[in-house]
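Reader: Hey, got a minute to go through this one with me? I'd like to start with the backbone and then move on to the ligand.

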Amino acid sequence: MADNTISEITLNNGVRIPQLGFGVFQIAPADTKAAVLGALEAGYRHIDTAQMYGNEREVGEAVRESGLDRSEIFVTSKLNNNAHDPAVAREATARSVDALGIGAMDLYLVHWPMPAVGDYTETWRAMEKLHAEGQARAIGVSNFQIGHLERLLAETDIVPAVNQIEVHPYLSQVELREFNRSKGIETEAWSPIAQGDVLGDPVLTAIAAETGRTVAQVVLRWHIQLGNIVFPKSTTPSRIVENRNIFDFELTADQVSRIDALDADRRRGPNPDEFNWIPE
Ligand SMILES: NC(=O)c1ccc[n+]([C@@H]2O[C@H](COP(=O)([O-])OP(=O)(O)OC[C@H]3O[C@@H](n4cnc5c(N)ncnc54)[C@H](OP(=O)(O)O)[C@@H]3O)[C@@H](O)[C@H]2O)c1
């Protein structure tokens, strides 16, 4: 445990993913290359971007300029909300692959189900074709609720490799994570530290004192022990390093349960059942 190696998870199609990655949501394109290079320098080998974030090109530049072999870095991107129509999905995917400029994506997700816009099972069929054509080594979904997943599982062929959902101590998503697990779908936890919201929590602060770690490290370690895949975002070099150093300590079962007990069903982001936002 003391060697601090980032653990890996094997997805349901055999592809392996580092359990800790680096998220680039809300990093301006001009700052993205330096941030990703900093993360790779700190030892991260997994980057989470999206067409919606507008920084795929800079992520790809960092990967190419890192000096690391392409096969050593796991890159995820996401189909934008304005590209759910299968014909549009094909064109949007080509733009993502072109912007990244690193060959096939390792993981490609439907960013939001957008239940009031079109039919996400049709979009998933398009994803299955793109996967068969080699645009991504694995495909998955993001922000899918149990009902959305049940329709995909009943009406389409490929079981998503992951479901990327909002999870942190104030929204622990017990039921949805358990559903994912029961179907062989890995849970990826977005906003793993609730964009900083949980950092002043007294219970977490106490556990940080008990372990001699920061609150962010305690929360990220809690995710790892739950089996979640996480990719905290930071443009602060010291925090990028801090967030990476979570494999050389362990929370006790009691500490994990005290964090579990903080669940307040409190979202930072939109409710996927109601979010149907289409970018220009
Ligand atoms: N699929 C989706 O719909 C979806 C939605 C949201 C996010 N995501 C993904 O999840 C990733 C992470 O989520 P997120 O960016 O929303 O939130 P997050 O990682 O929970 O929090 C990021 C915020 O916390 C601060 N921070 C990071 N490490 C810290 C530390 N050790 N101590 C104190 N503050 C710290 C950062 O500040 P500084 O940068 O100033 O250091 C930033 O303001 C995103 O980048 C994206 O890849 C996906």
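Reader: Where does Met-114 lie?
Author: Met-114 is in the loop between strand E6 (105-110) and H4. Helices (H or I, at least four residues) and strands (E, at least two) are DSSP runs, numbered from the N terminus. Before we go on, this is a predicted model, where local features need pLDDT of at least 70 and side-chain atom pairs count only at pLDDT 80 or more, while totals for chains, interfaces and linings use all residues. Residues are numbered from 1 along each chain as its sequence is written, and side-chain values use heavy atoms, with hydrogens and water left out.

Reader: OK, and what's the phi of Met-114?
Author: Near 50°, a positive value in a residue other than glycine.

Reader: Is Met-114 buried or exposed?
Author: Met-114 is buried, because its relative accessible area is 0%. Buried means under 20% relative accessible area, exposed over 50%, and partly exposed in between (1.4 Å probe, protein chains only).

Reader: What about Asp-265, which phi does that one have?
Author: The phi of Asp-265 is positive too, about 55°, although Asp-265 is not a glycine. Asp-265 belongs to the segment after helix H10 (253-260). With 64% relative accessibility, Asp-265 counts as exposed.

Reader: Switching to H4: what does the side chain of Thr-121 pair up with?
Author: With the side chain of Asp-119, through a polar contact of 2.7 Å. A polar contact is a pair of N or O atoms within 3.5 Å; within protein, one must be able to donate a hydrogen and the other to accept it, and residues adjacent in sequence count only if both atoms are side-chain atoms. Thr-121 lies in helix H4 (residues 120-132) and counts as buried at 5% relative accessibility.

Reader: Now the ligand. How many residues surround it?
Author: There are 27 around the ligand, and the closest are Asp-48, Lys-233, Ser-234, Thr-236 and Arg-239. A residue counts as near if one of its heavy atoms lies within 4 Å.

Reader: Which part gives the largest share of that shell?
Author: Helix H9 (residues 237-244), with three residues.

Reader: And which polar atoms does the ligand meet?
Author: An oxygen atom of the ligand has a polar side-chain atom of Asp-48 at 2.7 Å. A ligand oxygen atom is also 3.3 Å from a polar backbone atom of Pro-192. For a nitrogen atom of the ligand, a polar side-chain atom of Asn-243 lies at 2.9 Å.
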